[in-house]
Amino acid sequence: MIIVHHLNNSRSQRILWLLEELGLEYDIKRYQRNAETMLAPPELRAVHPLGKSPVISDGDLTIAESGAIVEYLAGKYGDGKLAPAPGTPERLRYTYWLHFAEGSAMPPLLMKLIFDRMESGPMPFFAKPIARAIARRGKSSFVQPNIDRILDFMEGELGRHAWFAGAEFSGADVQMSFPLEAAVMRGGLNGSRPKLMAFLENIHARPAYRRALERGGKYELLR
Ligand SMILES: N[C@@H](CCC(=O)N[C@@H](CS)C(=O)NCC(=O)O)C(=O)O
């Protein structure tokens, strides 16, 4: 039985969704973020040394990194579903977006989260103006321009194909859901990029996405 080590409000939601798309049975082991720090509890480090989610166990195997998990599950259990055939242009795009989600899209979105918290979080009064100035500068000079460029790029790509890898829905779309959902919460993604918004609407309407939400519980991304 596949076990998903599931942290609330996190990237592991998309693994539940992938498993639902594949029609596989799985168990969920739940972990709660610390309400103050938002970090995962230390028990998760007993599963994988980094103590981050998602991690899955499948028999003797423990697999971390959402992209690797998507590739593993679609490759092992997909029977041609959710992963384009090797050697095709679709497969290359599939691989590209699997990496892009965490390698290119998430870093500036994570920086945005950190700078936003630095700007508004509690701090000794004498440090506040300095912290605010650094946060604002970082956001305006580096973070938001990078997010904007990435969003424009993705918007253009979805103008060329219905889904990220091509005409067919694939694991790359599952992987890309998280940065896009995070971009709505904190990256300025809105109706000015209609293809990306339509993508989100389409995935949220999928029965498997809805089933995963029911199994995973409350899913609210951090602002
Ligand atoms: N690149 C990793 C990122 C894993 C990650 O940072 N997960 C977050 C949840 S969205 C986490 O576990 N955060 C809690 C913590 O860092 O303690 C992946 O895609 O699996």
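In this predicted model, 13 residues surround the ligand, and those that come nearest are Ala40, Lys52, Ser53, Glu65 and Ser66. The shell that these residues belong to is made up of 6 charged, 4 nonpolar and 3 polar residues.

Three of the nearest residues place an N or O atom beside an oxygen atom of the ligand, and they do so from different parts of the residue. Ala40 uses its backbone, with an N or O atom 2.8 Å from a ligand oxygen. Lys52 uses its side chain, where a polar atom lies 2.5 Å from an oxygen atom of the ligand. Ser66 also uses its side chain, and here the separation between its N or O atom and a ligand oxygen is 2.4 Å. Taken alone, the ligand would expose 520 Å², and the protein buries 85% of that area.

The ligand can next be placed in its wider surroundings. The space it takes is the largest pocket of the model. This pocket has a volume of about 900 Å³. It is lined by 32 residues, of which Leu7, Arg11, Arg33, Lys52 and Ser53 are the closest to its centre. Lys52 and Ser53 therefore appear in both settings, being among the residues that come nearest to the ligand and among those closest to the pocket centre. By class, the lining of this pocket comprises 17 nonpolar, 7 polar and 8 charged residues.

Two helices can be picked out in that lining. Both α3, which spans 89-120, and α5, which spans 171-186, supply at least two residues each. The largest contribution comes from α3, which gives 7 residues to the lining of the largest pocket.

Two points of backbone geometry remain. The first follows on from Ser53, a residue already met beside the ligand. The peptide bond that joins Ser53 to Pro54 is cis, and its omega is near 10°. Pro54 is placed in the loop that runs between β2 (26-31) and β3 (55-58).

The second point concerns Asn9. This residue has a phi near 45°, which is a positive value in a residue other than glycine. Asn9 is found in the loop between β1 (2-7) and α1 (12-22).

How values were computed. Residues are numbered from 1 along each chain as its sequence is written. This is a predicted model: local features need pLDDT of at least 70, side-chain atom pairs count only at pLDDT 80 or more; totals for chains, interfaces and linings use all residues. Side-chain values use heavy atoms; hydrogens and water are left out. A residue is near a molecule or strand if one of its heavy atoms lies within 4 Å of it. A polar contact is a pair of N or O atoms within 3.5 Å; within protein, one must be able to donate a hydrogen and the other to accept it, and residues adjacent in sequence count only if both atoms are side-chain atoms. Accessible areas come from the Shrake-Rupley method with a 1.4 Å probe; for residues, only the protein chains shown count as cover. On a 1 Å grid over the protein atoms alone, a cavity is a set of points where a 1.4 Å probe fits but cannot get out, and a pocket is an open set with protein on both sides within 12 Å along at least five of seven lines; lining residues have an atom within 4 Å of a point. A molecule sits in a cavity or pocket if more than half of its atoms lie within 2 Å of its grid points. Ala, Val, Leu, Ile, Met, Phe, Trp, Tyr, Cys and Pro count as nonpolar, Asp, Glu, Lys and Arg as charged, and the others, Gly among them, as polar. Grid points are joined across faces, edges and corners, and a volume is the space filled by probe spheres set on the points. Helices (H or I, at least four residues) and strands (E, at least two) are DSSP runs, numbered from the N terminus.
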